[in-house]
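Visitor: I have a model on my screen and would like to walk through it with someone. Could you take my questions one at a time?

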Number of protein chains: 2
Amino acid sequence: MSEGRIIQSVARALNILELFESSRDLSVTEIASRLDLSKSTAFGLINTLAHKGYLEQNPRDSRYSLGLKVLRLGGAVQRHNIIASRAKPFMEKLVQEFSETVHLTVERNGMVVYIDKIRGDKAVFIQSAIGAENPMYCTAVGKCLLAYMPEAKLERLLSKMQPLERRGPNTITDIAELRQELQAIRERGISIDDEEHVPGLMCIAAPIRNHDGEVVAAISISGAKAGISSKLVGRISEKVAWTAQQISGEM
Amino acid sequence: MSEGRIIQSVARALNILELFESSRDLSVTEIASRLDLSKSTAFGLINTLAHKGYLEQNPRDSRYSLGLKVLRLGGAVQRHNIIASRAKPFMEKLVQEFSETVHLTVERNGMVVYIDKIRGDKAVFIQSAIGAENPMYCTAVGKCLLAYMPEAKLERLLSKMQPLERRGPNTITDIAELRQELQAIRERGISIDDEEHVPGLMCIAAPIRNHDGEVVAAISISGAKAGISSKLVGRISEKVAWTAQQISGEM
DNA sequence: AAACGTCGTACGACAATGTCGAACGCGAGG
DNA sequence: CCTCGCGTTCGACATTGTCGTACGACGTTT
């Protein structure tokens with residue numbers, strides 16, 4: 001965890017922005033107390049963020065909320081991210097075919113990060129937001145990314161993620177069992193989360209490779225387990241794997 | 001343009017992030033020179049942004065690009081923004097019906113800001129990104145927002161937006177003519193951009209109101225003019241207006 | 001109505017902190 | 001093997017962010 005030079009005021013400003021991930025609007029006083037800053041310090045930072053459009057002040061109650069400028073940055077990521085831009089049209093086709101929610105994910109710091117998401121008509125309430133993080137061991141996409149990871153990295157991540165907390169009825173809580181599962185995923189080319197992360201939820205994922213053959217992302221379909229017959233699992237698996245290969249071919 | 005207290009280092013850090021809207025990756029030296037900072041100052045800011053996940057360093061060439069953390073913020077905006085979250089399902093239905101691109105926009109500082117976008121199958125290349133800005137006088141959504149604006153605000157914006165630059169074959173370049181157009185929009189409840197912004201492109205927009213009846217957003221469908229017969233214009237207009245009303249009813 | 005509490009914002013003084021130039025270690029290219 | 005340019009580190013200075021205090025505005029309470 002080397003740090004190097006950290007500019008305090010910048011870090012604080014970013015902390016302020018992050019507060020708004022869980023709150024729609026905040027007052028200067030609330031922000032100051034949550035981050036242990038003096039009101040005037042908080043105000044200076046907030047005012048700077050607002051001046052640049054990253055926060056906006058509601059004229060009614062003079063509270064602050066996120067500004068639209070942050071959308072610009074998010075859009076820039078999507079645009080510049082080779083995976084996301086290439087995968088988008090394929091994701092849309094998947095949504096149309098199965099009417100279930102489709103996710104695109106990568107690994108970052110041992111977590112699954114959702115870089116794009118398209119909801120389907122059947123839209124079970126899946127509270128995964130773009131940019132959100134989830135654990136790897138209990139999600140289809142996470143296990144998929146683990147399965148194709150360089151061994152050294154896998155070992156490092158595995159040793160850091162214990163214990164495997166139970167999240168759903170079928171969560172794999174034993175490391176040895178997880179290793180077997182990863183092996184099975186490599187053999188099938190498909191990763192399935194059968195109520196391991198969220199009760200009632202089923203996900204099917206497949207790996208996306210860059211032109212060097214390294215797995216750099218995973219794509220998945222998620223839906224209510226009740227609505228997915230075992231026959232459908234086969235059809236979805238096939239199509240997800242096929243889609244992942246198509247996307248890989250474009251990289 | 002009152003400023004108040006601006007924290008220099010924070011403003012500089014935000015400037016750095018904004019550089020990445022037009023560049024996929026940048027080196028420390030490039031950033032320093034573009035913003036007229038010393039290399040070490042730039043490095044401190046960059047390092048802070050990277051440490052917090054808003055920038056990432058490519059281990060290959062040690063250049064920096066936007067980090068996935070910015071997606072979190074963008075997602076938070078979408079989630080907290082009442083208009084965006086309410087409108088999403090309706091937008092998806094519009095896309096399914098017409099297979100054309102659907103936009104959701106608001107006005108900010110006299111510009112149209114795109115807060116959501118869903119591409120349709122026919123997906124003409126429309127380079128509008130989420131968070132991007134466009135002028136109001138030559139876009140369907142912009143004219144729509146102008147048409148239902150409080151008079152004082154309208155006058156202020158009109159006086160600031162002259163001259164009306166020609167963008168497409170039918171761009172309205174005369175203020176008086178624009179006022180007539182706004183009147184027509186109010187009468188029809190529908191705003192149409194017929195190659196006024198981009199040659200070959202046609203957009204149809206309708207206003208979204210909050211529960212006080214104020215117009216707070218506009219929704220639109222965009223497509224190649226060649227692919228939209230005059231009969232289709234009627235059908236689309238009707239459906240866009242209907243959708244906008246439905247969304248308004250949810251606010 | 002007047003007193004109170006609390007809010008966002010402004011001010012000013014101190015020292016903590018961001019800034020800068022110079023220098024280091026490293027890798028690529030000649 | 002030397003050189004160039006890169007990202008990064010270091011240390012000293014003074015700029016700048018920080019904090020307590022205070023002001024004016026608003027809403028609520030008494």
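What follows is a chat about this model, part by part.

Visitor: Before we start, what kind of model is this?
Guide: Keep in mind that no value here comes from an experiment. The model is predicted.

Visitor: Let's begin with DNA strand C: which element gives the largest share of the surface near it?
Guide: There are 23 residues around DNA strand C, and A:Gln8, A:Ser27, A:Ser40, B:Ser40 and B:Thr41 come nearest. Elements giving two or more residues are helix H1 (8-19), helix H2 (28-34) and helix H3 (39-51) of chain A, together with helix H1 (8-19) and helix H3 (39-51) of chain B. The largest share, 5 residues, comes from H3(B).

Visitor: And which element leads on the surface near DNA strand D?
Guide: DNA strand D is surrounded by 23 residues, the closest being A:Ser40, A:Thr41, B:Gln8, B:Ser27 and B:Ser40. At least two residues each are supplied by H1 and H3 of chain A and by H1, helix H2 (28-34) and H3 of chain B. With 5 residues, the largest share comes from H3(A).

Visitor: How many residues near DNA strand D are polar?
Guide: By class, the surface near DNA strand D has 5 nonpolar and 4 charged residues. For DNA strand C the division is 5 nonpolar, 14 polar and 4 charged. The polar count near DNA strand D is 14.

Visitor: Now the protein-protein side. Which element of chain A gives the most to the side that touches chain B?
Guide: The contact takes in 42 residues of chain A and 42 residues of chain B. On the chain A side, two or more residues come from each of H1, H3, strand E3 (64-66), helix H4 (69-80) and strand E5 (111-118). That side divides into 23 nonpolar, 11 polar and 8 charged residues. The most, 10 residues, come from H4(A).

Visitor: How far apart are the end C-alpha atoms of H4(A), and what span should its 12 residues have?
Guide: The estimate uses 1.5 Å times one less than the number of residues. For the 12 residues of H4(A) that gives 16 Å, which agrees with the model, where the end C-alpha atoms are apart by 17 Å.

Visitor: How many residues of H4(A) are buried?
Guide: Buried here takes 20 or more other C-beta atoms within 10 Å. Among the residues of H4(A) that pass are A:Leu71, A:Leu73 and A:Val77, and also A:Lys69 and A:Arg72. H4(A) is mostly covered, and of its 12 residues the number buried is 10.

Visitor: How far apart are the C-alpha centres of the two domains of chain A?
Guide: The domain assignment gives chain A domain 1 (8-66) and domain 2 (74-250). Between the C-alpha centres of these two domains the distance is 35 Å.

Visitor: Over to sheets: which strands of the E1-E3-E2 sheet in chain B stand at the edges?
Guide: This is an open sheet of 3 strands with antiparallel pairing. E1(B) and strand E3 (residues 64-66) of chain B pair over 2 bridges, and B:Asp25 has B:Ser65 in E3(B) as its bridge partner. Two strands have a single partner each, so one side of each is left without a neighbour in the sheet: strand E1 (25-26) and strand E2 (55-57) of chain B.

Visitor: What stands opposite B:Asp193 in E8(B)?
Guide: Strand E7 (residues 191-194) and strand E8 (residues 201-209) of chain B run antiparallel and are joined by 4 bridges. Their hairpin has 6 residues between the strands. Opposite B:Asp193 in E8(B) stands B:Cys203.

Visitor: Is B:Asp36, with its positive phi, buried or exposed?
Guide: Phi of B:Asp36 is about 55°, although the residue is not a glycine. B:Asp36 sits in the loop between H2 and H3 of chain B. Exposed means 12 or fewer other C-beta atoms within 10 Å. B:Asp36 has 9, so it counts as exposed.

Visitor: How many C-beta neighbours does B:Glu195 have inside 10 Å?
Guide: B:Glu195 is in the loop between E7 and E8 of chain B, and its phi is also positive, near 55°. B:Glu195 counts as partly exposed because its C-beta neighbours inside 10 Å number 17.

Visitor: Last one: which residue does a cis peptide bond join to A:Gln162?
Guide: Omega of that bond is about -5°. In chain B, the bond from B:Gln162 to B:Pro163 is cis with omega near -5°. The chain A partner lies in the loop between helix H7 (151-160) and helix H8 (175-188), and the residue joined to A:Gln162 is A:Pro163.

How values were computed:
Residues are numbered from 1 along each chain as its sequence is written. Chains are lettered from A and ligands numbered from 1 in the order in which they are written. This is a predicted model: local features need pLDDT of at least 70, side-chain atom pairs count only at pLDDT 80 or more; totals for chains, interfaces and linings use all residues. A residue is near a molecule or strand if its C-beta atom, placed from the backbone, lies within 6 Å of it. Ala, Val, Leu, Ile, Met, Phe, Trp, Tyr, Cys and Pro count as nonpolar, Asp, Glu, Lys and Arg as charged, and the others, Gly among them, as polar. Two residues are in contact if their C-beta atoms, placed from the backbone, lie within 7 Å. Two strands pair if DSSP finds at least two bridges between them. Domain bounds come from an automatic or database domain assignment.
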